[in-house]
Amino acid sequence: MQQSRIVITGVGLTSPNGNSLEEYRKNLLEGKAGVSRIEMRYMGDVLAGVCDFDALRYQKRKELRVGTRAGSISIYCAREAVADCGIDFESVDKSRVGIYVGTTEHGNVETENEVYNISQFDYDTKYWSHHHNPRTVSNNPAGEASLNLKVTGPAYTVGAACAAGNLGLIHAVQMLRLGEVDFAIAGGVSESIQTFGIFAGFKSQGALAEHEDPSKASRPFDTDRNGIVVSEGGCLYTVERLEDALERGAKIYGEVVGYHVNSDATDYVLPNPERQAECMRAALKRAGMQASDIHIVNTHATATPMGDIQECEAIGEVFADCPETHINNTKGYIGHAMGAAGSLELAGNLPSFDDGMVHPTINVDNLDPKCALPNLVLNKPVKAKQVDAILNNSFGMLGINSALIIKRFTK
Amino acid sequence: MTNEECKQVVIDIIAEIAPDEDVSDINPDVALREQLDLDSMDFLDIVMELRKKHGIEVPEADYGELASLGSCAAYLTPKFNALV
């Protein structure tokens, strides 16, 4: 069956080191991290990736008070992406627009806040906010964007742990191909730095990063890595069928040519390199490509001791004997943006189609020999011979794996 | 508490829950919803803030008493004074 070709035509993002693709990319090439120390309820200081986008650009103050941080991030990213893609959005049939937002979790922040709130009133639940339910329904981040953009088509989240950023985009591809929508806004968001539970959970797991210098705390592949820096952020793309994008003369960032999602079915937390490798191979097969056709592999590696090694094992197997395939990572700069990770990390590499540069993995002072993949780009950007295809890995708890392949657009 | 002081308490709450609104010139005899961008959830916020900040309970059957600034003051002032 001949399937529609699907392209990315707009990018809207906020990350701990940039509130536009241009700023973000510049900081990735210059090695500038965006991790800081914040006060966390019950825990004291923790390291986190904090975004400073202008929420009032697209929302009223009351909307910020009533809504959620994830909703606000979605709105900012969606509106930025729509503006970037150059479409006359006023004239678009809003019933044919889909919003698909990947999330690792949603509702923890708002529930923790309410429990804290009623703790100030001797746990009397009559002080529990009536805003709690609309804030915590799992479609909240997409729903708030639909309200803001007056989109009447399907708007919902895709829950997929830390693979969710890829999953949002993959879902948009599927819905466009099925003809369910004509225009999609998709990717992932995270408000996770607002919840102590995420931090406390990683700390209890021995997987929360700590370093005296926040900018050096997230250090995938380094022998001294000691865990995850939790971050907030978001990245949403506008995604269209190729014929629609060409008809309106849209700028095309790249074509989604392959993807795959599978499950380890082995452990709640520990990854499974065999399934990760299968996932990457299946994405390549769908794209009709060989491993050597990929010029950048974005690793999911979160700077946990085992996770990094296992992903490197999987990549080493799939991309053995691929001298032109560069391997990099973005979490050293921005930490782990959870549901936004996959989509933000892809955005960090997309400009490589234009400038040919591959941003490095930073904070690798002593490369772990078990992570020493050939062509791992470390600490300094490299100029690639060519960049025609990117494979974007994003994995999550309960063993969900995703790989997405974006190709330079050629007619 | 006087009626005027009670009106100010309500205005302060509205300023907090509807921070985009101009609360400097509210007509006390006209419904709040006709002058300000307030919805039913906002009125629930007013009820909640009265409870949290002032220990005032407004039963659901009486929500209509909060329609205007004037009716708020007429309804709430005796409740405030009963607290003292």
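These are my notebook entries on a few places I looked up in this predicted model.

**Strand β9 of chain A**

I started with β9(A), which covers residues 254-263. I wanted to know how many of its residues are buried. The count came to 7 of 10, so I noted the strand as mostly covered.

Next I looked up the strands that pair with β9(A). On one side of my list is β1(A), residues 6-14, joined to β9(A) by 3 bridges. The two run antiparallel. I found A:Ile8 standing opposite A:Gly254 of β9(A).

The other entry is β15(A), residues 400-407. Here I noted 8 bridges to β9(A), and this pair runs antiparallel too. For A:Gly258, I found the bridge partner in β15(A) to be A:Ile405.

**Two positive phi values in chain A**

I then turned to backbone angles. A:Phe221 is not a glycine, yet I read a positive phi of about 75° for it. I placed A:Phe221 in the loop that links α8 (196-204) to β7 (230-231). Is A:Phe221 buried or exposed? I found 27 other C-beta atoms within 10 Å; the cut-off for buried is 20 or more, so A:Phe221 counts as buried.

A:Asn375 was my next stop, also a non-glycine with a positive phi, this one about 65°. I found A:Asn375 in a loop as well, between β12 (357-358) and β13 (382-383) of chain A. I noted 18 C-beta neighbours inside 10 Å for A:Asn375. That falls between the limits of 12 for exposed and 20 for buried, so I wrote A:Asn375 down as partly exposed.

**A helix pair in chain B**

In chain B, I looked at α1 (residues 3-17) and α3 (residues 40-54). I noted that their axes come within 10 Å and cross at roughly 125°. That angle lies outside the perpendicular range of 65 to 115 and is not over 145, so I call α1(B) and α3(B) oblique to each other. The crossing of α1(B) past α3(B) is right-handed.

Which residues of α1(B) meet α3(B)? I listed B:Ile13, B:Ile14 and B:Ile17. From α3(B), their partners in the contact are B:Asp42, B:Asp45, B:Ile46 and B:Glu49. By class, I sorted the residues of this contact into 4 nonpolar and 3 charged, with no polar ones.

**Where the chains touch**

Last, I checked the contact between the chains. I found 8 residues of chain B in contact with 9 residues of chain A. On the chain B side, I counted 5 nonpolar and 3 charged residues, and no polar ones.

Technical notes:
Residues are numbered from 1 along each chain as its sequence is written. Chains are lettered from A and ligands numbered from 1 in the order in which they are written. This is a predicted model: local features need pLDDT of at least 70, side-chain atom pairs count only at pLDDT 80 or more; totals for chains, interfaces and linings use all residues. Helices (H or I, at least four residues) and strands (E, at least two) are DSSP runs, numbered from the N terminus. Axes are lines fitted to C-alpha atoms, for helices over the stretch in contact, and angles run from 0 to 180 degrees between N-to-C directions. Angles under 35 degrees count as roughly parallel, over 145 as roughly antiparallel, 65 to 115 as roughly perpendicular and the rest as oblique. A crossing is left-handed if the near helix is turned anticlockwise from the far one by less than a right angle, and right-handed if clockwise. Two residues are in contact if their C-beta atoms, placed from the backbone, lie within 7 Å. Ala, Val, Leu, Ile, Met, Phe, Trp, Tyr, Cys and Pro count as nonpolar, Asp, Glu, Lys and Arg as charged, and the others, Gly among them, as polar. Two strands pair if DSSP finds at least two bridges between them.
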